[in-house]
Amino acid sequence: MNLPPIMGDLVVLVPVVTLVVFAALTLLFGVFTRERAALGGLALTGVIAALVFTVFLWLQARAGGVAVTALGGAFRGDALSYAFSFIILIGAGLAVVLADGHRVRLQLDQPEFHPLLLLAAAGGLVLVSAGDLVTLLLGLEIMSLAVYVLAAWRERSRVSEEAGMKYFLLGAFASAVLVYGIALTFGATGRFDFAGIAAAAAAPDFAARGLLLLGALFVLVGLAFKVAFAPFHQWLPDVYTGAPTPVTAFMSVVVKTAAFGALLRTTGTLVDALGVGPIGEVLPAVLAVSIGLTMVVGNFGALLQSGVKRMLAYSAVAHAGYVGLAVLAGGDAGVQAASYYLFTYTFASVAAFAVLLSLMDDDDRGDRLERLAGLGRRRPWLAAALAVIMLSLAGFPPFAGFIGKAVVFQAAIAAGHAALAVLGISTAVVAVVFYARVVMTMYLREPDAHTPVARPIPRRTAVVMAIGLAATVVFGLFPGLWLDWIARAPWWSAGF
Amino acid sequence: MATFVVLAVVMVVGALGVVLLKQPVHAALSLVGTLLTLAVTYVTLEAHFLAAVQVIVYAGAIMVLFLFVLMLLNVQDTGPRRSLPGLRWAAYAAAVVTATAIAAVAFWDGRPAPDPAVVSLHLQGGSAGGIGDALFGELLLAFHLVGVLLLTGVVGAVALVQRRAESAHGAPKGTGLPAGRDAADGKARALASGGRR
Amino acid sequence: MAESLLTVFLKALLLAVALLGAFAYMTLIERRILGRMQHRIGPNRTGPFGLLQPIADALKSIFKQDILPARADKFVFVLAPAISITFALAAFGAIPGGPAGSLFGFDPWVVDLDIGLLYVLAATSMGVYGIFLGGWAANSKYALLGSLRSAAQIISYELGLGLSVLTIIMIAGTLNLREIVEIGVWSVSPWLWPGLAVAFVTFVISGIAEVNRTPFDLPEAEQEIVAGYLTEYSSIKWALFQMAEYVNMFTAAAFMSTLFLGGYKGPGFMNALIPGSADWPIVWLVAKMAIFMFLFIWLRATLPRLRYDQLMRFGWIYLFEVALGAALLTGAVIAFVL
């Protein structure tokens with residue numbers, strides 16, 4: 001049997017296939033064994049194997065200097081997809097370890113838990129590697145479907161059920177909008193693949209620019225929901241709060257990174273396809289308004305919260321706004337800035353949730369700020385770790401969060417969005433208040449009789465915290481490790 | 001063209017019925033009607049295979065399950081709910097604006113409508129072959145991804161239901177029972193007890 | 001040969017009348033056969049051998065009071081029997097009764113579709129709505145139970161049905177029922193016989209479940225839920241449901257004959273006895289249908305009804321897997337042996 005030429009270079013599919021195969025293995029293993037502890041190890045093996053393959057492919061692509069595609073361009077292996085796959089897999093790996101440390105306590109040890117995590121990560125990889133809108137949609141759905149279930153994981157917990165239900169209903173609605181947008185885009189250009197859309201729109205007799213704009217707007221709305229741009233962010237605080245904390249950590253890194261990867265590719269293509277002129281202005285303008293709103297809503301929302309988990313949820317919205325600046329900036333600079341931001345955010349976010357996990361009750365509640373009182377004296381190392389992460393998230397030098405904001409603002413200003421960058425900087429000042437409040441509570445406030453003592457940290461959680469902390473410091477001091485590495489890659493526009 | 005206009009009107013009315021009818025079963029029936037009309041539209045484009053699959057899959061299977069759940073739960077309109085004042089009207093306004101925008105863009109689209117004969121030719125007389133070529137050709141990756149998506153859905157559904165079944169029966173959690181037999185039992189029991197309620 | 005719209009319309013009308021007439025006498029035949037099997041006589045008072053019984057039944061049905069339950073959903077309640085009979089009659093239209101032009105120069109079918117097989121499946125799958133909605137609209141618990149059972153049952157057994165048909169589609173390589181008959185699935189290769197035989201059995205079982213016949217008649221199990229979805233129906237609407245049920249049985253029998261038993265083609269040796277007789281239209285199809293109709297009645301007299309969980313387990317755990325196995329086997333044979 002000889003393969004038709006459409007197959008292309010199937011090797012780029014290996015990371016995704018690895019994850020799916022390990023999901024199936026974990027599933028089968030879970031059916032036939034009582035040893036639930038082994039499932040986490042198996043899942044982690046799968047993630048690490050996929051990570052190794054991704055790095056290998058990435059190095060190969062850098063050496064070759066060209067983007068590789070499989071199956072007629074439906075699946076792309078270019079710098080965007082490798083960089084974001086890399087971040088997704090690191091986030092997934094950290095989340096798996098994090099969940100494993102609190103597996104029994106939080107009742108996460110049903111055999112379906114790890115397969116769903118792996119499938120969600122696989123969906124994320126498809127999402128950032130998609131070369132056409134159909135593949136993109138399917139990747140998004142695979143990821144979302146798994147995460148809907150994971151968000152509702154806690155048994156007999158109305159908050160968790162509400163989280164899953166809310167996420168599912170709104171997510172399904174957003175998917176419907178996305179599908180409609182894809183249909184309109186197809187109606188305008190007759191193509192699903194990004195290269196084809198760009199080519200069709202570039203043709204001199206292209207007459208359906210209005211339809212393409214409408215399609216692009218719908219696609220943007222569908223994806224904006226997943227990355228939680230205002231006003232489509234409203235699900236996020238409830239879902240992040242209601243989901244089991246390890247799942248929240250997973251969502252805040254894997255889902256967010258994957259959705260941004262897709263958003264970067266899609267808006268990049270569509271903004272270019274719409275071209276200049278009054279119609280071409282609409283999409284960036286809508287995006288700019290939404291991003292501005294996101295930064296304001298996220299930061300001020302976080303300011304009003306008394307629960308740390310919910311505060312982190314709102315701050316996730318705010319960070320989405322900052323990454324949005326990079327999306328708006330577009331081009332290779334935008335993609336690089338976004339990748340740095342998301343890469344460092346992954347470590348900080350997982351570490352923050354890891355600290356939070358060891359402070360919260362067995363039923364995954366109790367995230368009041370008052371609980372942190374006196375942590376600086378009772379558990380100095382834990383408090384120091386949380387303080388560093390909070391300062392990094394707030395954007396203090398020399399931590400990675402500072403560099404992240406700097407490159408993002410730089411990209412936005414370079415692309416001519418100075419006003420929005422100024423808004424971003426001012427809201428970042430607001431953000432300092434609520435991050436600092438956490439630090440102040442830990443070190444300055446005296447614990448009263450009701451303040452529970454933080455429980456000892458499982459070793460695996462400590463490893464996650466250590467990795468997150470180390471990365472936050474190292475990539476803050478040496479941002480070139482990531483920025484220079486990705487600057488010398490064949491970028492996403494290279495393959496078209 | 002006249003046929004299409006008639007069918008389009010029926011479809012739009014059906015779709016409006018889905019949204020506006022108060023009784024959930026009526027709304028679902030309205031959706032069935034819309035899907036059937038869509039199948040007829042496929043027939044007018046000579047896409048017979050697609051029309052048959054549309055009827056079998058959507059009208060014949062998915063909507064039956066929809067209705068099954070609606071009837072099993074006996075979903076009724078529970079009267080006024082608490083919501084932000086004016087939310088309903090804002091939603092109506094948003095829907096009208098969006099629909100108007102889409103209609104305006106559609107009518108301003110400068111391209112001539114494609115010749116039905118050309119469309120029919122591309123559809124190869126509506127035979128299954130053309131769809132098979134597309135499905136196992138340019139959409140091969142999508143085809144496989146749908147498989148992964150369905151797997152995810154099944155695993156997720158079992159995960160959610162299985163936990164409830166386990167805790168409802170008082171079985172110790174996480175005992176690692178073989179899931180297959182038990183899930184089938186649970187499903188049969190759930191259906192049976194639903195049938196006897 | 002493309003026929004005029006008028007011819008097609010007349011043929012459709014003729015088919016509908018024929019099916020409804022056959023329904024009337026099928027009830028008589030069924031009651032007589034059941035009587036014999038149960039050591040009774042069966043209805044034999046009205047006319048010679050009871051031949052006028054169906055007419056008496058029809059008159060009785062029509063002139064009975066038509067009750068509309070007060071709390072029923074009136075529109076859906078009236079719509080349901082109409083849906084049932086419409087799709088039941090529509091489904092039969094695609095089944096070919098003989099070779100092209102064999103019926104006094106006309107084609108012995110109403111429509112000849114390239115996707116005839118799918119058309120029959122689609123039309124019968126729509127028929128479930130009649131039962132389903134009728135039971136719901138009556139606003140009665142027994143009727144609703146019947147509806148829910150019917151929906152779950154039909155959806156579950158459609159999988160077995162579809163997978164059994166897949167075997168035929170793979171062998172014939174077409175969805176056109178006439179072409180399937182002309183190819184003759186059994187004559188392709190002896191290697192395919194095991195798969196075909198299994199598929200035939202699973203197809204017949206799922207077919208019986210699809211038309212809600214014993215042992216799969218849970219939707220109207222008299223002993224448990226009065227008459228299931230029919231509980232609140234009376235008079236002509238009740239009669240319409242009965243008609244739909246029997247027409248569906250005819251369709252199932254004709255579909256089974258067409259797919260697995262050579263449809264309208266007579267056995268080859270008949271040509272030796274009477275030259276050309278194997279190509280007579282309608283006759284052979286009706287003869288083969290009669291075999292299946294007898295089987296349905298026979299089963300009704302023989303088998304007890306399944307329990308609900310047995311029904312579901314049988315459908316999902318045994319029938320589905322076996323039909324899937326047959327399809328895989330056939331696919332493997334086609335790919336690797338032929």
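Here are some questions and answers about a predicted model with chains A, B and C.

Me: Let's start with a single residue. Why is Lys265(C) called buried?

Reply: A residue counts as buried if 20 or more other C-beta atoms lie within 10 Å of its own. Lys265(C) has 21 C-beta neighbours inside 10 Å, so it counts as buried.

Me: And where does Lys265(C) sit in chain C?

Reply: Lys265(C) is in the loop between helix 9 (235–260) and helix 10 (269–273) of chain C. You can also look for Leu52(C): its C-alpha atom is 33 Å from that of Lys265(C), and the two residues are 213 residues apart along the chain.

Me: What makes Ala471(A) buried?

Reply: The cut-off is 20 or more, and Ala471(A) has 23 C-beta neighbours inside 10 Å, so it is buried. Ala471(A) lies in helix 18 of chain A. Its C-alpha atom is separated by 8.2 Å from that of Ala348(A), a residue 123 residues away along the chain.

Me: How do you know that helix 12 of chain A is largely enclosed by the rest of the structure?

Reply: Count its buried residues. In helix 12 of chain A, 21 of the 22 residues are buried, so the rest of the structure largely encloses this helix.

Me: What span should helix 12 of chain A have, and what span does the model give?

Reply: Helix 12 (residues 308–329) of chain A has 22 residues, which should span 32 Å at 1.5 Å a residue. Its end C-alpha atoms are 32 Å apart, so the two values agree. Just after this helix comes Gly330(A), with a positive phi of about 65 degrees.

Me: How does helix 1 of chain A fare in the length test?

Reply: Helix 1 (residues 14–32) of chain A has 19 residues, and 27 Å is expected at 1.5 Å a residue. From first C-alpha to last, the helix reaches 27 Å, close to that expected value. Among the buried residues of helix 1 of chain A are Leu19(A), Phe22(A), Ala23(A) and Leu27(A).

Me: Now for pairs of helices. Why is helix 5 of chain C called roughly antiparallel to helix 7 of chain C?

Reply: Helix 5 and helix 7 (residues 193–210) of chain C pack at an angle of about 155 degrees, with their axes 8 Å apart. Angles over 145 count as roughly antiparallel, so that is the name for helix 5 and helix 7 of chain C. Helix 5 of chain C passes helix 7 of chain C in a left-handed crossing. Residues of helix 5 in this contact include Tyr157(C) and Leu161(C), while those of helix 7 include Ala199(C) and Phe203(C). By class, the contact has eight nonpolar, eight polar and one charged residues.

Me: At what angle do helix 3 and helix 18 of chain A cross?

Reply: Helix 3 (residues 79–101) and helix 18 (residues 459–477) of chain A cross at roughly 150 degrees, and their axes come within 8 Å. The crossing is left-handed. Leu94(A) and Val97(A) are among the residues that helix 3 brings to this contact, and Val463(A) and Ile467(A) are among those from helix 18. The contact has six nonpolar, two polar and two charged residues.

Me: How do you know that chain A and chain C are not in contact?

Reply: Residues are in contact if their C-beta atoms lie within 7 Å. No contact of this kind joins chain A and chain C, and their closest C-alpha atoms lie 12 Å apart.

Me: Which chains share the most contacts?

Reply: Chains A and B do, out of the two pairs of chains in contact. Here 35 residues of chain A are in contact with 32 residues of chain B. On the side of chain A that touches chain B, helix 5 of chain A gives the largest share, eight residues. That side divides into 24 nonpolar, five polar and six charged residues.

Me: How many residues does the contact of chain C with chain B take from each?

Reply: It takes 28 residues from chain C and 25 residues from chain B. Helix 4 (116–137), helix 5 (141–172) and helix 12 (308–336) of chain C each supply at least two residues of the side of chain C that touches chain B.

Me: What elements make up chain B?

Reply: Chain B has eight helices and zero strands. Of its 197 residues, 22% count as buried.

Key. Residues are numbered from 1 along each chain as its sequence is written. Chains are lettered from A and ligands numbered from 1 in the order in which they are written. This is a predicted model: local features need pLDDT of at least 70, side-chain atom pairs count only at pLDDT 80 or more; totals for chains, interfaces and linings use all residues. Helices (H or I, at least four residues) and strands (E, at least two) are DSSP runs, numbered from the N terminus. Axes are lines fitted to C-alpha atoms, for helices over the stretch in contact, and angles run from 0 to 180 degrees between N-to-C directions. Angles under 35 degrees count as roughly parallel, over 145 as roughly antiparallel, 65 to 115 as roughly perpendicular and the rest as oblique. A crossing is left-handed if the near helix is turned anticlockwise from the far one by less than a right angle, and right-handed if clockwise. Ala, Val, Leu, Ile, Met, Phe, Trp, Tyr, Cys and Pro count as nonpolar, Asp, Glu, Lys and Arg as charged, and the others, Gly among them, as polar. The expected span of a helix is 1.5 Å times one less than its number of residues. A residue is buried if 20 or more other C-beta atoms lie within 10 Å of its own, exposed if 12 or fewer, and partly exposed in between; C-beta atoms are placed from the backbone.
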